[in-house]
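Biologist: Please take a close look at the cysteines of this protein and at how they are paired. I should like one connected account, with the reasoning set out.

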Amino acid sequence: PSCFGYPLSIFFIIINEFCERFSYYGMRAVLVLYFKYFLQWNDNLSTAIYHTFVALCYLTPILGAIIADSWLGKFKTIVSLSIVYTIGQAVMSVSSINDLTDQTQDGSPDNIPVHIALSMVGLILIALGTGGIKPCVSAFGGDQFEEDQDKQRSRFFSIFYLSINAGSLLSTIITPILRAQECGIHSKQRCYPLAFGVPAALMAIALVVFIAGSGMYKKVKPQGNIMVQVSKCIGFAIKNRFRHRSKEFPKREHWLDWASEKYDKRLIAQTKMVLKVLFLYIPLPMFWALFDQQGSRWTLQATTMDGNFGAIQIQPDQMQTVNPILIIVMVPVVDAVIYPLIKKCKINFTPLRKITVGMFLASLAFVAAALVQVQIDKTLPVFPTAEQSQIKIINLGTDNASIKFEPALGHVDVMSMESTGYMTFETSQLQSLSITSGNKTKLDIIKLPGGKRHTLAVKNNNTDIVVKQLLDNVTSKPEEGNNLIRFINNLPDPINVTMGETSFGNLASLSDSNYELFPGGRQDNITVVRNSTTCSCTSKAFGFGSAYTIVINECSRGDLTVTYSEDISPNTVHMAWQIPQYFILTCAEVVFSVTGLEFSYSQAPSNMKAVLQAGWLLTVAVGNIIVLIVAGASKLSEQWAEYVLFAALLLAVCIIFAVMAYFYTYVDPNEIEAQFDEEEKNQVKKDADLYEKKAEADSQM
């Protein structure tokens, strides 16, 4: 059965691919944040495990291709590994349910190792599944066409690529929205089970759709795996060369010619072509090392930025959607506009030059990321070292106050109802404070533990100057764009404070509450109960990633008067500043990865495509391993420096590649194939002639 001139079975395959990619990219989009906030790993461990997982996903395709070609055939391989995959996704979803081990019902899992074990099992199954399916699905699609349907076949591959990007685009938008929902049985948490569960459901749908089309597929019998043959041929050549290493044996033109005792000339010639391309692949992993950090380092960078786009609120993991959106726009633009323009300028933009430009652009993207990081670092708070203390003064009185830090460490004036920023002192030097407010002066002996932040609340209450020393238990900027809020009661009576859904409990006069976490970017209602009067007001918008102390000054006739003191400033660098680096990296991807595969296929015989595909995927895997090594070995404490390091490494590799490309000579595999065909024909003819002659001679006997 056919439809628009295409085999009907194709539509099943495309829907299957869409669901599979949705499932994979959706899971991958939230993965780093799941590690960081749910499993409570630090940035470096989260990045390391993320890249290990991605590397695995690109190593397993080689396995998948061998299973399909030598043993099960493509159809059975896709079905059986899809089942493994679906189980993996389901396990992943279960591993992220905090109520699984949350006996205390406080909203965080009590037995983290159970969750870690489950999610690692899930990830390994997913890596096996996605890797095993990846090389089979596109090839299985190609199998569905007849010999004479070349045009339809190539159109199928572009639709196929589009469905991959559509799947990844939609899932990168949708999954983070699901993650940001609040869900849970006992306590509301970020909804990771939903974020992993929807991909699992889609994978199950993909499986059902694929099996549903079973009757229509053209199923090609497994023909033995070309990779296995090529490796055997290479292995034999090396062994044979080693056996004949002494001087008496004549040298051969190419080391692979040592395989000619056992393998036919054609296979050897094809293997030579493949090795020539694979040799060029050696520098390519460095590109992927940078490219795949979109899902790890760049997503973590976005968590320290301001995601407020006016009407909509962008989650940090949604910034990755910039890539598939730009791909869908850029691929046609580059093909239809940019390449023709370059051609018009009489520049011969060969595939290898395109790949070189792609590497250069990716390295540029990381320079852009480093520049953004420097801007972010400027806004991050500086916390005291173990030998230092930081003090901030809030003046709660109606008179201005002047504070001298003794012995002679400077002084500061604080207006009524205002506060200072944090001032840093060496703990051992600071001994006392002299406070003057109105017409009174007070000397306060001060002993601070090192390494902490403190707030001193100062109030001249007509009889005396009251000094309250409050400890600020904030040791880092709030994560995920959340805000920390606490209250100080500046009324003479005790009060009860609630903000939004969170109760801060009872506060005595001039005492402070603990800090509580609130989601970023929204305004909440503050309610105060004093004696029996209730007053309320709406808080100001706190932005993202800030910490505030709110002072309650007046509560009468239902009206609440508060002042805000900023302890940690909100994220001020806007997420839109990540768009340039994503744009440059996407341009790099368009010239690099689309060209890379096309070039490989054009330089090797058609039956060797599987080997090249495997080699190409291997470069992605190795690239992810490079991230592990570089990030682990470089003890760079500054994130921007790590970006610059990666950019520099890629630039160096780019130069090496340019030199290799300069010495590369392009081949036309079809010509070489034709030569072999010609030789074979001639050989057959010779054999026939010989046979005839022999027959003639026989008849004359």
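**The cysteines and their pairing**

Modeller: In this predicted model, Cys57 has a relative accessibility of 0% and therefore counts as buried. Cys57 takes part in no disulfide, and the nearest cysteine sulfur, which belongs to Cys136, is 15 Å away. A disulfide requires two cysteine sulfur atoms within 2.5 Å, so a separation of that kind is judged against this cut-off. Cys136 also provides the closest cysteine sulfur to Cys19, but here the separation is 18 Å, which is too far for a bond. Cys19 is likewise buried, its relative accessible area being 5%.

The paired cysteines may now be considered. A disulfide is a covalent bond between the sulfur atoms of two cysteines. When the whole structure is searched, one disulfide is found. Its partners are Cys535 and Cys555, with an S to S distance of 1.7 Å. Cys535 belongs to strand β20, which covers residues 533–538, and Cys555 belongs to strand β21, which covers residues 547–556; the pair therefore ties together parts that lie 20 residues apart in sequence.

The geometry of the bond can also be described. About the S-S bond of Cys535 and Cys555 the torsion is about 65°, and the disulfide is therefore right-handed.

As to the surroundings of the two partners, Cys535 has a relative accessible area of 1% and is buried. Cys555, at 3% relative accessibility, counts as buried too. Both values are to be read against the limit for buried residues, which is under 20% relative accessible area.

How values were computed
Residues numbered from 1 in each chain as written. Predicted model: local features only at pLDDT ≥ 70, side-chain atom pairs only at ≥ 80, totals over all residues. Heavy atoms only, no water. Helix = DSSP H or I, 4+ residues; strand = E, 2+ residues; numbered from the N terminus. Buried < 20%, exposed > 50% of the residue type's maximum accessible area, 1.4 Å probe, protein only.
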